[in-house]
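This report looks at enclosed spaces and at charged side chains that pair up. Please read it with the structure in view.

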Amino acid sequence: MQRLATGSEEFDRVLGGGLVEGSVVLIGGDPGIGKSTLLLQALAHLSTGHDVLYVSGEESAAQIALRARRLGVDGARLPLMAEIELERIVAAIEERRPAVTVIDSIQTLYSSQLQSAPGSVGQVRECAAQLTRLSKQLGLAVVMIGHVTKEGTLAGPRVLEHIVDTVLYFEGDTHSSFRLVRAFKNRFGAVNELGVFAMTDRGLRGVSNPSALFLSQHDRQVAGSCVLVTQEGTRPLLVEVQALVDNAQGGHPRRLSVGLEQNRLAMLLAVLHRHAGVACFDQDVFINAVGGVRINEPAADLAVILAIVSSLRNRPLPRGFAVFGEVGLAGEIRPAPRGQERLRESLKLGFSRLLIPKANAPKRPLEGIEAIALDRLDEALDAAWG
Ligand code: TYD
Ligand code: MG
């Protein structure tokens, strides 16, 4: 399997080590998040060694060339095609045989064989299916950009996920300049792999040490904050989990979660009460993962619980302290995958006191790390402030 380097280490990483020859990639995200920018930069790099084609149904060739210039890439050398009719695009690909074609965006295309309007589910499906067939027939890579539509997800990229090889989504905080790209599905790499970028005035730049982004800078330790060592794809990442626990006004206490699973929060509060005797039934509980990263793994449980207890008791956790581990319904702490890598990443960022699942205890002591390995939630609460 041949892989083509996109010129961006972070983009290569989410793809599983570069763009696989002849593969079909779907990349989705909100309007304005940076999809066109990322692909234009990647294609410009790829064009130095391969034939490429950038098809835009959104902007004119002149507009794209202008943007290319802003990105510092040679727009004149980049083959651009402003077109929305599928049949003409297919003909161009058949004739030129570009190793990589970018379609910006799949929602702007229409097939003259269908009656329905561009952007409708039928059109989006048909155009994507034909481009996929063509890619497989000729062994040429196609990257399709898709807008995530706010309410009408129907005609959004979701309907295409099953026909393509790789699905990437932009996620994260649109208010900051950081952009996260996550592998949602990948036949050629790890799922959940995360690429981290910063949007600059000259396009997207990879961020090589992303953990720093997801930790807020506190002068001193604050209550309601716990550092989680998470694993996103093949990369360990330190993320600060914050909790705010406050007296509920009225009958229904609120449970709100940003970046972490909402249903899991309710479950963890029940486990915390039943197995550690800490009650939050008259408290509002808010939790947040700093930096807009979305965390899907259960190994975040321990950090969520410790942040909640820290806020409730108004007692900060010690400096240099980080955790990982899943918490089960029986109050047990379950192991997380790749424990050793998580420990090494923590050490790199100056976290030396780790509360971890017993089953993840290092066989030999790791230099510079004090690992507290436990298998019960109540013991963990005692040990955290012990
Ligand atoms: P764009 O790639 O056009 O988003 P999408 O294709 O996902 O809709 O990115 C648009 C935003 O990025 C726009 O608000 C301007 C900003 N931007 C920069 O900050 N620097 C740049 O070099 C470029 C090209 C865009
Ligand atoms: Mg765009």
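A salt bridge is a side-chain nitrogen of Lys or Arg within 4 Å of a carboxyl oxygen of Asp or Glu. The model shown here is predicted, and a search of the whole structure finds 19 salt bridges.

**Salt bridges**

Three pairs are listed below.

| Pair | Closest N to O |
|---|---|
| Glu-10 and Arg-13 | 3.9 Å |
| Lys-136 and Asp-165 | 2.6 Å |
| Arg-182 and Glu-232 | 2.4 Å |

Glu-10 and Arg-13 both belong to helix α1, and because they are three residues apart there, about one helical turn separates them. Glu-10 is buried, with a relative accessible area of 4%, while Arg-13 is partly exposed at 26%.

The salt bridge between Lys-136 and Asp-165 ties together parts that are 29 residues apart in sequence, because Lys-136 lies in helix α5 (residues 121–138) and Asp-165 in the loop between β7 (141–147) and β8 (166–171). Lys-136 has a relative accessible area of 44% and is partly exposed. Asp-165, at 3%, is buried.

Arg-182 and Glu-232 form a salt bridge through their side chains. Arg-182 is in strand β9 (residues 178–186) and Glu-232 in strand β12 (residues 225–232), so this pair ties together parts that are 50 residues apart in sequence. Are these two residues, Arg-182 and Glu-232, buried or exposed? Both are buried.

Salt bridges also link Arg-264, Asp-301, Glu-326, Glu-332 and Arg-334 in a network.

**Cavities**

Rolling a probe the size of a water molecule over the atoms shows where empty space is left. How many cavities of 30 Å³ or more does the structure hold? There are two.

The largest cavity contains about 90 Å³ of space. It is lined by 13 residues, and those closest to its centre are Leu-260, Glu-261, Arg-264, Asp-301 and Val-304. Helices α6 (262–276) and α7 (301–313) each supply at least two residues of this lining, and α6 provides the largest share, three residues. By class, the lining has eight nonpolar, one polar and four charged residues. Arg-264 and Asp-301 are also members of the salt-bridge network.

The second largest cavity has a volume of about 60 Å³. Among the residues that line it are Thr-6, Phe-11, Leu-39 and Val-143. At least two lining residues come from each of α1 (9–15), α2 (35–46) and β6 (100–104), with α2 giving the most, four residues. This lining has 10 nonpolar residues, one polar and no charged.

Methods: Residues are numbered from 1 along each chain as its sequence is written. Chains are lettered from A and ligands numbered from 1 in the order in which they are written. This is a predicted model: local features need pLDDT of at least 70, side-chain atom pairs count only at pLDDT 80 or more; totals for chains, interfaces and linings use all residues. Side-chain values use heavy atoms; hydrogens and water are left out. On a 1 Å grid over the protein atoms alone, a cavity is a set of points where a 1.4 Å probe fits but cannot get out, and a pocket is an open set with protein on both sides within 12 Å along at least five of seven lines; lining residues have an atom within 4 Å of a point. Grid points are joined across faces, edges and corners, and a volume is the space filled by probe spheres set on the points. Ala, Val, Leu, Ile, Met, Phe, Trp, Tyr, Cys and Pro count as nonpolar, Asp, Glu, Lys and Arg as charged, and the others, Gly among them, as polar. Buried means under 20% relative accessible area, exposed over 50%, partly exposed in between (1.4 Å probe, protein chains only).
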